[in-house]
Amino acid sequence: MNIPNLSIASLKEKIENFSIKSLLFPLFGILAFVLLWQVGASRVHTSLGEFPGPAVVYEQWGGLVAEHSNERLKEEKFYERQEKRIEARQAKDPSYVGKLRAYTGKPTFFDQIFTSLYTVLAGFGLASLIAIPLGILIGLNSSVYSALNPVIQIFKPVSPLAWLPLVTMVVSASYVSDDPMFSKSFLTSMFTVTLCCMWPTLINTAVGVAAVEKDLLNVSKVLRLGWVTHVMKIVIPSAIPLMFTGLRLSLGIAWMVLIAAEMLAQNPGLGKFVWDEFQNGSSNSLGRIMVAVLMIGFIGFLLDRAMLTVQRFVSWDKTQVLR
Amino acid sequence: MSTTHLDISKVSIEFPTAKGFFKALDGVSLKIEKGEFVSLIGHSGCGKSTVLNIVAGLYDATEGGILLDGKEVKGPGPERAVVFQNHSLLPWLTSYQNVELAVKQVFKKTKSKKEMHDWIMHNLELVHMTHAADKRPDEISGGMKQRVGIARALAMEPSVLLMDEPFGALDALTRAHLQDSLMEIQKDLNNTVIMITHDVDEAVLLSDRIVMMTNGPEATIGEILKVDLDRPRDRLALANDPKYVDYRAQVLTFLYEKQRKVESA
């Protein structure tokens with residue numbers, strides 16, 4: 001009769017251990033941080049007032065949410081008025097074809113988040129499309145590696161801010177269209193992100209491809225696998241763990257680079273939001289910037305988790321510790 | 001002129017090193033008949049793996065060469081399938097898919113999809129691994145991995161099966177089990193096998209001939225012992241068989257008296 005009790009007790013212990021490690025400790029860490037923040041913030045005085053503490057930031061967050069819903073309401077009404085006007089004119093003159101004018105209100109905080117998100121994903125996606133195939137090629141062929149290595153080593157450490165003017169000029173000069181599919185600011189941000197974030201994926205893919213176990217290469221030789229089968233069945237799967245290490249580093253860099261690029265180039269996005277608030281210099285500004293800082297961090301974290309989830313799904317090596 | 005099935009003819013190999021060329025093998029000659037089971041035994045570093053790799057085509061001999069059914073061997077190929085010491089299964093494929101990769105490569109022109117499936121299952125059956133067909137290598141034990149490795153090699157229908165210390169990484173019980181399985185398969189398929197081992201009992205139990213190699217560098221064949229024991233062989237019955245004991249003693253004498261390793265002495 002003791003056995004079930006025992007197992008329940010051990011189960012309880014397990015649950016307790018689990019919740020302590022996975023919930024209590026992180027919660028403690030966050031609380032300690034908020035406390036330090038509160039204490040520290042009240043001691044820092046700027047020309048725009050006290051450094052925003054947790055309470056102020058929370059208040060500003062509420063403000064930003066309200067601003068967003070107001071703006072949406074305005075937009076809705078704007079379209080409603082237009083539709084009514086068109087209907088009224090059509091009632092008088094059935095041949096009249098109305099044209100809806102787009103709403104041109106100021107983008108809210110959440111609009112900027114959305115802009116940043118799809119820009120970063122587009123830039124990162126393009127970088128991956130270039131870096132993965134190129135990495136595989138470099139990893140397979142040591143001559144190609146030797147040829148490209150100096151170029152990679154030179155461009156890898158370049159700051160996004162150095163690329164930005166060049167990219168801006170090239171995009172303005174070469175992307176000329178009366179009815180552009182993408183805005184120039186989007187393209188500038190995207191290409192800057194691509195140029196800066198492709199290197200970790202490229203290098204890690206190359207290393208992963210070059211490090212295929214010798215035994216597996218011998219298997220491929222004994223089977224006389226063709227080049228395509230060899231790459232698809234042996235090389236790529238064995239490079240996948242390192243490839244993902246590279247992809248996660250790249251996505252992290254992409255997100256950081258994008259914010260910097262948006263600030264400098266005044267391209268729409270979270271970076272512009274921060275810069276605008278800084279230029280605005282109202283008593284709310286520091287609090288709003290702090291909201292943006294936390295949001296940038298939180299989104300960066302979510303992007304990394306999303307990548308991790310993809311890795312878990314794609315990678316064959318389930319024993320690998322993923323963090 | 002009757003040609004030998006596999007003719008290893010005056011094979012020597014030199015490896016370039018920082019201190020000039022290192023001659024690992026010197027004039028290794030061996031003729032193997034169809035269906036024969038030959039073991040290569042010797043101390044580590046004597047070049048037995050090198051011989052196997054040359055037959056497999058993974059290394060090129062500096063002098064001499066290999067003739068398989070009268071044709072010179074160039075480069076690796078599935079007709080000389082290899083069972084590697086560390087199973088070498090692709091960790092991202094299931095047992096079935098690992099064998100399938102080999103079967104698709106060898107039989108894609110001659111077998112239909114259905115036939116290929118049956119052939120894969122047949123080979124997994126031979127090594128008693130059908131129950132784990134859909135398991136990946138990290139989900140099965142070391143012995144099971146080696147079984148799948150053997151199934152993959154057998155599925156290529158090789159003229160010569162090359163085994164590089166196939167049971168070296170396994171515990172004694174699993175090893176005995178797999179040796180019995182191998183003898184059983186060998187009885188049915190009558191493959192030509194070259195197996196590398198450093199286990200004297202394994203060599204005597206499995207082989208028709210044991211090739212004993214001298215120590216390197218410039219290693220070559222020291223003695224060849226013909227093992228004349230009736231098949232099927234039973235390890236328990238053989239343990240006290242005077243002939244078996246004598247064969248065993250001969251190999252041990254060669255290894256520990258005639259070719260005693262100088263540095264370990």
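This briefing describes a structure with chains A and B, going from the contact between them to the details of each chain. The model is predicted. Chain B has eight helices and 10 strands, and its radius of gyration of 19 Å is close to the 18 Å that the globule rule gives for 265 residues, so chain B is as compact as a globular protein of that length. In chain A, UniProt lists residues 113-307 as "domain: ABC transmembrane type-1", in an unreviewed entry.

**Contact between the chains**

- The contact between the two chains draws 14 residues from chain A and 17 residues from chain B.
- On the side of chain B that touches chain A, the largest share is three residues, and these come from helix 2 of chain B, which covers residues 95-107.
- By residue type, that side of chain B divides into 12 nonpolar residues, four polar residues and one charged residue.

**The largest nonpolar core**

- The largest nonpolar core holds 131 residues, and the members that touch the most other members are V193(A), A254(A), L162(B) and V251(B).
- Helix 8 of chain A, spanning residues 227-265, supplies the largest share of this core, with 16 residues.
- Leaving aside residues up to four places away in sequence, V193(A) touches T119(A), V120(A), G123(A) and F124(A), and also A254(A), V257(A), L258(A) and A261(A).

**Chain A and its annotations**

- The UniProt record, an unreviewed entry, places the feature "transmembrane region" at residues 20-39, 117-140, 161-177, 189-213, 234-265 and 285-303 of chain A.
- Within the model, residues 189-213 of chain A are 88% helix and 0% strand, and the C-alpha atoms at the two ends of this span lie 40 Å apart.
- Residues 234-265 of chain A are 100% helix and 0% strand, with end C-alpha atoms 44 Å apart.
- For the span that UniProt lists as "domain: ABC transmembrane type-1", the model gives 85% helix and 0% strand, and the end C-alpha atoms of residues 113-307 of chain A are 19 Å apart.

**Overall form of chain B**

- The C-alpha trace of chain B spans about 55 × 45 × 45 Å along its principal axes.
- Of the 265 residues in chain B, 41% are buried.
- When contacts in chain B between residues at least 6 apart in sequence are considered, 71% of them join residues at least 24 apart.

**Strand 3 of chain B and its partners**

- Strand 3 of chain B, residues 37-41, has five of its five residues buried, so the strand is largely enclosed by the rest of the structure.
- The covering reaches both faces of strand 3 of chain B, since F37(B), S39(B) and I41(B) are buried on one side, while V38(B) and L40(B) are buried on the other.
- Strand 3 of chain B runs parallel to strand 8 of chain B, residues 192-197, and five bridges join the two strands; in this pairing V38(B) stands opposite I194(B).
- Strand 3 of chain B also runs parallel to strand 9 of chain B, residues 209-213, through four bridges, and here the bridge partner of L40(B) is V211(B).

**Helix 1 of chain B**

- Helix 1 of chain B, residues 48-56, is mostly covered, with seven of its nine residues buried.
- The buried residues of this helix are K48(B), T50(B), V51(B), L52(B), I54(B), V55(B) and A56(B).
- Helix 1 of chain B is followed by G57(B), which has a positive phi near 90 degrees.

**Backbone features in the loops of chain B**

- Most residues other than glycine have a negative phi, and most peptide bonds are trans.
- H87(B), although not a glycine, has a positive phi of about 45 degrees, and H87(B) is found in the loop between strand 6 (82-83) and helix 2 of chain B.
- With 24 other C-beta atoms within 10 Å, H87(B) is buried.
- N190(B) is likewise not a glycine and has a positive phi of about 50 degrees; N190(B) lies in the loop between helix 5 (172-189) and strand 8 of chain B.
- N190(B) has 12 other C-beta atoms within 10 Å and is exposed.
- The peptide bond that joins R231(B) and P232(B) is cis, with omega about -5 degrees, and P232(B) is placed in the loop between strand 10 (221-226) and helix 7 (235-238) of chain B.

Note on methods. Residues are numbered from 1 along each chain as its sequence is written. Chains are lettered from A and ligands numbered from 1 in the order in which they are written. This is a predicted model: local features need pLDDT of at least 70, side-chain atom pairs count only at pLDDT 80 or more; totals for chains, interfaces and linings use all residues. Two residues are in contact if their C-beta atoms, placed from the backbone, lie within 7 Å. Ala, Val, Leu, Ile, Met, Phe, Trp, Tyr, Cys and Pro count as nonpolar, Asp, Glu, Lys and Arg as charged, and the others, Gly among them, as polar. A nonpolar core is a set of buried Ala, Val, Leu, Ile, Met, Phe, Trp, Tyr and Cys residues joined through C-beta atoms within 7 Å. A residue is buried if 20 or more other C-beta atoms lie within 10 Å of its own, exposed if 12 or fewer, and partly exposed in between; C-beta atoms are placed from the backbone. The radius of gyration is taken over C-alpha atoms; the globule rule is 2.2 Å times the number of residues to the power 0.38. Two strands pair if DSSP finds at least two bridges between them. UniProt positions are given in the numbering used here, feature names are shortened, and annotations may be inferred rather than shown by experiment.
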